[in-house]
Structure formats: structure tokens, C-alpha cells
Amino acid sequence: MIRKTAEIDVILLSLNQSIDAHYKWLVKMFRCVASSDITQPEITHVDSHCLCEFGKWLNNHPARDTDETGYLYQINAAHTKMHASGRVLLLAIVEKRWLPEHFEQFQDALLAFTAAVTDYKIYLLNIRSNMDILTGLPGRRVLDESFDRQLIDASPSHLYLFLLDIDRFKSVNDTYGHLVGDVVLRTLAANLAAWTRHDETAYRYGGEEFIIIIRAQTDDMACQAGMRICHLIAENSIHYPGGEINITVTGGVTRAQPGEPLDVVLGRSDRAMYEGKQTGRNRCMFMDEQQKITRIIRREPVYPAFTKQAVG
């Protein structure tokens, strides 16, 4: 699952704080050298990398996806080696048997640790920069760059793409103005982020279109997930200063076949959604890999595209 903007900000803040604490560890090591004290577990214990503040942060920071796992693995390896090199250097100095190689190895370990942390920060900032500014959801570029990996990692489940479009959104903008239209988009995005489950991820595709990646065992389960979202959208009013609006969406669902590029899968979802628009809106259509609509799931009764209810 893709981390949210606020979550990335929290990670970066806590990561910086943990790194600051590691500078204190370095100063503590100098003190141990000056006093010939080799009793400090954060410095000399074989598991000192687990005892320092950064080690505790790392142990309590699970990865969200395969890419993040790789970055955190590199950080952990570099962090462990840095502590080991520091311990070797400290003991060599205290026992008066140090060699230039001890300092060089510790220096290299410090630089490797810094490089691994920097790579992870760049990874997080790259995700954050590709978040949609208006809605806070990951944008199309994030999906473009992660889709192939998500398709591989979905096994043994199947990966489905659910493309949904707000019904008659132009009428919302024409009637209430673009500022209210933006409220609708932001609120819908926040709702999608809250309503998606652990095996679903929401994206802002563009305009009034959103994408939800669904991992499911069967086509029926994927359609049920899509219709669940459609129902929730129709049942929850969107509030804005002066009133509230009810909207509906029409969606197209299709299963991504092994090795299929995103644009092919997206094309099927788009055609399925278009069929839904042409046959009444406020429904979820499933299209198989033969371009056939095999499931039409509609909500009864059909809500109007939007309604206004004055507050008070």
C-alpha cells in the first residue's frame, strides 16, 4: 500500500530525530574512548545496533511494500556494520592496538549508513512529490511506476483495476462553482482513503476520475469491492459551506492479466466504465480480457447525479 502524505511527513520527522539521537551515540563513543570505559552496552554490546535510538526506530518501522523493504534492509545492514566497526575501533583504542585501518573502516561504515538513509529519504520524498496536490492521494505517476511490481506481488491473489468517475460532475461545477467542485473532489478522496481496505489502494487519476487497485481471489469478490465503494459514495453526503451534495459514481472493473501493461488494463476499465455511463450510471461494470461485459452491478434506486440540501 502507498503511504499517505501525512504519514510520510511523520516518518521523515521521526527518522531525523532518530538520526540526531545517533549523533549523541557517536559523542558517547568518544567519551568511552576518553575514559577507557567499555561497559556501555549501546557501544560495546554485540547487539548495540538494536539498543540505540535509531535501532529502536528501525525495529518499530515496518515496510509497506517491496521497494521500501529493500531500502530498510540496506539501512539495517549499514547500521549494523557501523556499530560493529565502532565497537572494534573503540576496543582497539582502549587496548592500544589500533591501526589506521580501524579508523578507515569506521569512516566507510559511517558514510555507507548516511548514504542508505539518504536513499530512503529520497524514495519517500519522491512518493510525496507525486501525490496529487488537491486530494492528497497518490497520483497517476505513482501508479505508473508501481503497477508492474504490484501485479507481480499480488500473487496468489489477482490484481484488479477499478476506474470510477463522478456522474455529471460538470453539472456540479456549473451549478455550485469550481470551489465547491474542489470540495467534492477532496472529500471523495478522503473518503476513498478511509473506505479502502488493506488490500486496496486509491489513486487520483485526473479530473473527476479515481482508480482503486483491488487484490481479490475472484472476479465476484472484486466486483463486490467495487460496488461497496459505489454504495458508500452514494450514501454519504458531501458537506460544503451552505449545504451538502449527494453524488454517485460509475465504475469499470477488470482483472489485470500476468504481464499486462497498465495502459492495456486501464483501457478495459475505461471501456467498462463507458458502458456503465451509457446504460444509466451509478453502477459498476466488469469487463473480462475478451472485452466482454460479464457483470453489471447497479444500485437501486438510482440517485440523481447530485442534490442540494440547504444547511439549517
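A: Start with one definition: rings of Phe, Tyr and Trp count as a pair if their centres lie within 6.5 Å. For Trp, the six-membered ring is used. Keep that in mind as we go through this predicted model.

Q: Which residues form one aromatic cluster here?
A: The cluster consists of F54, W57 and F113. Two of these, F54 and F113, come back among the residues touched by H79.

Q: Let's take H79, then. Where is it found, and is it buried or exposed?
A: H79 sits in helix α5, which covers residues 66-94. The cut-off for buried is under 20% relative accessible area. H79 comes out at 1%, so it counts as buried.

Q: Which residues does H79 touch, leaving out those up to four places away in sequence?
A: The list is H22, H49, C52, F54, G55 and F113.

Q: How many aromatic pairs does a search of the whole structure find?
A: The search finds nine. A worked example is Y176 with Y240.

Q: How do I read such a pair?
A: A pair of aromatic rings is described by two values: the distance of the centres and the angle of the planes. For Y176 and Y240 the centres are 5.8 Å apart and the planes make 50°. Planes under 30 degrees apart count as stacked, those over 60 as edge-to-face, and the rest as tilted. The Y176 and Y240 pair is therefore tilted.

Q: Which parts does the pair of Y176 and Y240 tie together?
A: Y176 lies in helix α8 (residues 169-176) and Y240 in strand β4 (residues 238-240). The pair therefore ties together parts 64 residues apart in sequence. Both rings belong to buried residues: Y176 has 18% relative accessibility, and Y240 has 10%.

Q: Now the backbone. What is the general idea for phi and for peptide bonds?
A: Most residues other than glycine have a negative phi, and most peptide bonds are trans. So look for the exceptions.

Q: Which peptide bond is cis?
A: The bond from S155 to P156 is cis, with omega near 10°. P156 sits in the loop between α7 (140-153) and β1 (158-166).

Q: What about phi at N282?
A: N282 is not a glycine, yet its phi is positive, about 55°. Its place is the loop between α11 (262-278) and β7. N282 is buried, at 1% relative accessibility.

Q: And what about phi at Q291?
A: Q291 is not a glycine either, and its phi is positive, about 70°. Q291 lies in the loop between β7 and β8 (293-298). Q291 is partly exposed, at 38% relative accessibility.

Q: Both loops border β7. Which residue should I look at in strand β7?
A: Try C284, which lies in β7 (residues 283-287). C284 is buried, with a relative accessible area of 1%. C284 and G251 are 33 residues apart in sequence, while their C-alpha atoms are 4.7 Å apart.

Q: How far apart in sequence and in space are A115 and I75?
A: They are 40 residues apart in sequence and 8.6 Å apart in space, C-alpha to C-alpha. A115 belongs to helix α6 (residues 100-129). A115 is partly exposed, at 38% relative accessible area.

Q: Where is the place of L111, and is it buried or exposed?
A: L111 is in helix α6. At 55% relative accessibility, L111 counts as exposed. L111 and A78 are 33 residues apart in sequence, and their C-alpha atoms are 9.0 Å apart.

Q: Step back to the chain. How many helices and strands are there?
A: There are 11 helices and nine strands. The radius of gyration is 26 Å, well over the 20 Å that the globule rule gives for 312 residues, so the chain is more spread out than a compact globule. The C-alpha trace spans about 85 × 50 × 25 Å along its principal axes.

Q: What do burial and contacts add?
A: Of the 312 residues, 46% are buried. Take contacts between residues at least 6 apart in sequence: 69% of these join residues at least 24 apart.

Q: Finally, what does the chain expose, and how are the charges placed?
A: The chain exposes about 15,600 Å², of which carbon and sulfur atoms supply 54%. There are 34 positive and 39 negative charges, and their mean positions are 3 Å apart.

Key:
Residues numbered from 1 in each chain as written. Predicted model: local features only at pLDDT ≥ 70, side-chain atom pairs only at ≥ 80, totals over all residues. Heavy atoms only, no water. Helix = DSSP H or I, 4+ residues; strand = E, 2+ residues; numbered from the N terminus. Rg over C-alpha atoms; globule rule 2.2 N^0.38 Å. Buried < 20%, exposed > 50% of the residue type's maximum accessible area, 1.4 Å probe, protein only. Contact = heavy atoms within 4.5 Å. Areas by Shrake-Rupley, 256 points an atom, 1.4 Å probe, with all protein chains shown as cover. Lys, Arg positive; Asp, Glu negative; His and termini not counted. Charge placed at Lys NZ, Arg CZ, Asp CG, Glu CD.
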